[in-house]
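User: I'm new to this structure and would love a close look at one part of it. Could you walk me through the sheet and the loops that link its strands?

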Amino acid sequence: MMNRNRRPSRGVSMIEAMVALAIMGFGMLAVVGVQATMRLNADIAKQRSEATRIGQESMENLRAFMVIDTTAGATAFADIASAGAQDVAGLTTNTTYRISRTVVEYTNPPSKALTVTVAWNDRTDQAQQVVLRSVIAAAAPALSGTLAVRPGSAAGGPVRPGGQPVREPDR
């Protein structure tokens, strides 16, 4: 037998509705917080990518020397030197980059250790930087296609690994 005095429920109580609304509000706040963090991280990633590109471009410009000793009108290995901070602006990102380079010269074998640092402040005014390191050898670019160079002579003609000179075939 059924109890006929019992009334069927007519809806959700006010407390249950307030609890559901509070849970939904906290969830929305979490989504907004994650969105803000993702925007900041995306901005920093874009700036870091641009800074890396600037550093690589600077490093490749130094690698593009055409002669070993200083020569008028030509980029020379001897001219690769340290440089103080320079501002780089007008790029696709919303910041100004400061690029500096440090060069340490070695004599045996003749080479230069290059450190390029690109620094900037992100949108939260936190200091950021990218550091690239490389070594540039004092090898004459004119000889870059040879198999080997005679010991002690960077200006000599091409030789085979066994030391025999390379001769052009008879025509």
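Analyst: Asp125 sits in the loop between strand 3 and strand 4 of this predicted model. Its phi is positive, about 65 degrees, even though Asp125 is not a glycine. Most residues other than glycine have a negative phi. Is Asp125 buried or exposed? With a relative accessible area of 57%, Asp125 is exposed, because the cut-off for that word is over 50%.

Another loop worth a visit is the one between strand 2 and strand 3, where you will find Pro109. A cis peptide bond links Asn108 to Pro109, with omega at about -5 degrees. Most peptide bonds, by contrast, are trans. On either side of this loop, strand 2 (residues 97–107) and strand 3 (residues 110–121) pair in the antiparallel sense over ten bridges. Within that pairing, Ile99 stands opposite Val118 of strand 3.

Now step back to the sheet that these strands belong to. It is an open sheet of four strands in the order 1-2-3-4, paired antiparallel. Strand 1 (83–88) and strand 4 (127–137) stand at the edges, and each has a single partner strand, so one side of each is left without a neighbour in the sheet. On average, neighbouring strands here are turned by 20 degrees against each other, direction ignored.

Finally, look at what lies across the sheet. Helix 1 (residues 14–63) lies across strand 1, strand 2, strand 3 and strand 4. Relative to strand 4, helix 1 runs at about 25 degrees.

Note on methods. Residues are numbered from 1 along each chain as its sequence is written. This is a predicted model: local features need pLDDT of at least 70, side-chain atom pairs count only at pLDDT 80 or more; totals for chains, interfaces and linings use all residues. Side-chain values use heavy atoms; hydrogens and water are left out. Two strands pair if DSSP finds at least two bridges between them. Helices (H or I, at least four residues) and strands (E, at least two) are DSSP runs, numbered from the N terminus. Axes are lines fitted to C-alpha atoms, for helices over the stretch in contact, and angles run from 0 to 180 degrees between N-to-C directions. Contact means heavy atoms within 4.5 Å. Buried means under 20% relative accessible area, exposed over 50%, partly exposed in between (1.4 Å probe, protein chains only).
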